Amino acid sequence: MNRDEAIRAAQEPIDWSGAEVETTPRKATLVFSTRLPDDLARWLVEEASRRGINPSVMLRELVADGKRAAAEDRMVTFRLSDLHRAVSQLAYRLSDR
């Protein structure tokens, strides 16, 4: 479509009779700007292209994956003596090899 055809198409009346009104407000979104080293930027573009998505969608998916992984990570507390004992046992087993 050339410019003149686009202008004519934009001036034609639009039939809105079948339109549906969305009443649920959209969630707010924020834009974050970051600089990536050349190798990461190239990987991002290539991987997004391989998946058939754009790099912004790819970044959103990677951040969501990171959020899920962080939620599964939890703090574990134990006595220092138990840690020393476990390390000693592991070192002993490895030295027998």
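1. Which side chains meet in a salt bridge of 2.5 Å, N to O? They are the side chains of D82 and R85. This note concerns a predicted model, and the points below move from the chain as a whole to its individual residues.

2. Confidence. The protein chain has an average pLDDT of 91, and 99% of its residues score at least 70. Helix 2, which covers residues 38-51, has the highest confidence, with a mean of 96. Helix 4, covering residues 80-95, has the lowest, with a mean of 90. As a matter of reading such models, coordinates predicted with low pLDDT should not be interpreted in detail.

3. Overall fold. The protein chain contains 4 helices and 0 strands, and its pattern along the sequence is α-α-α-α. The radius of gyration is 27 Å, well over the 13 Å that the globule rule gives for 97 residues, so the chain is more spread out than a compact globule. Along the principal axes, the C-alpha atoms fill a box of roughly 80 × 35 × 25 Å.

4. Surface and burial. Of the 97 residues in the protein chain, 4% count as buried. The accessible surface of the chain amounts to about 10000 Å², and carbon and sulfur atoms account for 55% of that surface.

5. The loop before helix 2. L36 is placed in the loop between helix 1 (3-11) and helix 2. Its relative accessibility is 36%, and L36 therefore counts as partly exposed, since that class lies between 20% and 50%. Leaving aside neighbours within four places in sequence, L36 is in contact with A41 and L44.

6. The position of P55. P55 belongs to helix 3, which comprises residues 55-72. With a relative accessibility of 30%, P55 counts as partly exposed. When residues up to four places away in sequence are not counted, P55 touches L44, V45 and A48. L44 thus appears among the contacts of P55 and also among those of L36. By contrast, the C-alpha atoms of P55 and A6 are separated by 29 Å; these two residues are 49 residues apart along the chain.

7. Salt bridges in and around helix 2. The structure holds 7 salt bridges. One of them joins E47 to R50, with the closest N and O atoms 2.5 Å apart. Both residues lie in helix 2, and they are 3 residues apart, about one turn of the helix. Is E47 buried or exposed? E47 is buried, because its relative accessible area of 12% is under the 20% limit. R50, in contrast, is exposed, because its relative accessible area of 61% is over 50%. The pair also belongs to a network of salt bridges in which E47, R50, R51 and E61 are linked.

8. Salt bridges of D82. The question that opened this note concerned D82 and R85, whose side chains meet in a salt bridge at 2.5 Å, N to O. These residues are 3 residues apart in helix 4, so about one helical turn separates them. The side chain of D82 also meets that of R79 in a salt bridge, at 3.3 Å from N to O. As for accessibility, D82 is partly exposed, with a relative accessible area of 28%. R85 likewise counts as partly exposed, at 43% relative accessibility. R79 is exposed, with a relative accessible area of 56%.

9. A nonpolar patch. Which residues form a nonpolar patch on the surface? The patch is formed by V76, F78, L80, L83 and V87, which together have about 490 Å² of accessible area. Among them, V76 is found in the loop between helix 3 and helix 4. V76 counts as exposed because its relative accessibility is 52%, and the exposed class begins over 50%.

10. Points to retain. The reader may wish to locate three features in the structure above: the salt-bridge network of E47, R50, R51 and E61, the salt bridges that D82 makes with R79 and with R85, and the nonpolar patch that includes V76. They should be viewed against a chain of 4 helices and 0 strands in which 4% of the residues count as buried.

Terms used
Residues are numbered from 1 along each chain as its sequence is written. Side-chain values use heavy atoms; hydrogens and water are left out. pLDDT is the predictor's confidence in each residue, from 0 to 100. Helices (H or I, at least four residues) and strands (E, at least two) are DSSP runs, numbered from the N terminus. Buried means under 20% relative accessible area, exposed over 50%, partly exposed in between (1.4 Å probe, protein chains only). Contact means heavy atoms within 4.5 Å. Patches are made of residues with over 30% relative accessible area and no salt bridge: like charges are joined within 9 Å, nonpolar side chains (Val, Leu, Ile, Met, Phe, Trp, Tyr) within 5 Å. Accessible areas come from the Shrake-Rupley method with a 1.4 Å probe; for residues, only the protein chains shown count as cover. A salt bridge is a side-chain nitrogen of Lys or Arg within 4 Å of a carboxyl oxygen of Asp or Glu. The radius of gyration is taken over C-alpha atoms; the globule rule is 2.2 Å times the number of residues to the power 0.38.
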